[in-house]
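Me: Please take a close look at a single part of this model and describe its surroundings. Set out the geometry, and give the cut-offs behind each term.

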Amino acid sequence: AKSRGSTSSSRRKSRSGKRDATQEEQIVDEPVTPQLAWKVLTQEQVSKLMKLSPKDLANEVAVILSLKEHEQNLREAALLDYYVTGIWFAHESSFNEEQTSAFFTILHILMNNIKDKHLSLPENIKEMRQIMRGVGVSQQNSLHCFSLEM
């Protein structure tokens, strides 16, 4: 009886191994997407930002993004609030530095889609879907630092 169970078990392993190999082949066939971490913020900047209070965080992000008129200019103030809220969300979600940087890059891409490309909300959501595609499935996506188990 033991040999039957072990044979059955080894068959399962080989079957699942076959599926895993097929999945790996599919992953290899996917184009390698450039990583999003460190595209907008450096590791040193992220490390510093993650240690700051919300007020100090706002001041530092304003310096990094050259938002010199954020106290008088409503557009700059809203932009600063957008990024600070995103970084604070990453902090509260216990993102590590690489995840925080990648998340900030996503925020930056989405904001540029609105400002520069004038994408509508549905178009921007479609763009975000493209960015997020493969999270938890492929190690070759631009967000390999995230998983579905977070």
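**Glu60 and its surroundings**

Reply: Neighbours within four places in sequence aside, Glu60 touches Lys48, Leu49 and Leu52, where contact means heavy atoms within 4.5 Å. The model is predicted, with local features needing pLDDT of at least 70 and side-chain atom pairs counting only at pLDDT 80 or more, while totals for chains, interfaces and linings use all residues. Residues are numbered from 1 along each chain as its sequence is written, and side-chain values use heavy atoms, leaving out hydrogens and water.

One of the three partners, Lys48, is twelve residues from Glu60 in sequence, and their C-alpha atoms are 9.0 Å apart. Glu60 belongs to helix α3; helices (H or I, at least four residues) and strands (E, at least two) are DSSP runs numbered from the N terminus. Glu60 is also one of the buried residues of α3, together with Leu57, Ala58, Val61 and Ala62. Buried means under 20% relative accessible area, exposed means over 50%, and partly exposed lies in between, with a 1.4 Å probe and protein chains only. The cover over these buried residues includes α2 (43-49) and α4. After α3 comes Ser66, which has a positive phi near 55°.

The packing of α3 on α4 can be described in more detail. Two packed helices are described by the angle between their axes and the distance between the axes. Helix α3 spans residues 54-64 and helix α4 spans residues 74-92; their axes are 10 Å apart and the packing angle is about 125°. The axes are lines fitted to C-alpha atoms, for helices over the stretch in contact, and the angles run from 0 to 180 degrees between N-to-C directions. α3 and α4 are therefore oblique to each other. Under that scheme, angles under 35 degrees count as roughly parallel, over 145 as roughly antiparallel, 65 to 115 as roughly perpendicular, and the rest as oblique. The crossing of α3 past α4 is right-handed: the near helix is turned clockwise from the far one by less than a right angle, and anticlockwise would make the crossing left-handed.

On the α3 side this contact is made by Pro54, Leu57, Ala58, Val61 and Ala62, and on the α4 side by Leu80, Tyr83, Val84, Ile87 and Trp88. By class, the residues of the contact are ten nonpolar, no polar and no charged. Here Ala, Val, Leu, Ile, Met, Phe, Trp, Tyr, Cys and Pro count as nonpolar, Asp, Glu, Lys and Arg as charged, and the others, Gly among them, as polar.

From α4 the description can be carried on through the rings. The whole structure holds five aromatic pairs; rings of Phe, Tyr and Trp (its six-membered ring) pair if their centres lie within 6.5 Å, with planes under 30 degrees apart called stacked, over 60 edge-to-face and the rest tilted. Among them is the edge-to-face pair of Phe89 and Phe95, 5.9 Å centre to centre with 85° between the planes. Phe89 is partly exposed at a relative accessible area of 45%, whereas Phe95 is buried at 9%. Phe89 also pairs with Phe103: the ring centres are 5.5 Å apart and the planes are at 40°, so this pair is tilted. This pair links distant parts of the chain, as Phe89 lies in helix α4 and Phe103 in helix α5 (residues 97-115), 14 residues apart. Tyr82, Tyr83 and Phe104 are linked into a cluster by ring pairs.

Helix α5 also holds Thr105, which is buried with a relative accessible area of 2%. Not counting residues up to four places away in sequence, Thr105 is in contact with Leu36, Lys39 and Val40. Ile106 is in α5 as well, and it is buried at 6% relative accessibility. The C-alpha atoms of Ile106 and Leu36 are separated by 7.6 Å, although these residues are 70 apart along the chain.

Next comes the packing of α5 on α6. Helix α6 covers residues 121-132, and it packs with α5 at an angle of about 150°, the axes being 10 Å apart. That makes α5 roughly antiparallel to α6. α5 and α6 cross in a right-handed sense. Ile106, Ile109, Leu110, Asn113 and Ile114 of α5 meet Asn124, Glu127, Met128, Ile131 and Met132 of α6. This contact has seven nonpolar, two polar and one charged residues.

For the chain as a whole, the secondary structure comes to six helices and zero strands. Of its 150 residues, 29% count as buried.
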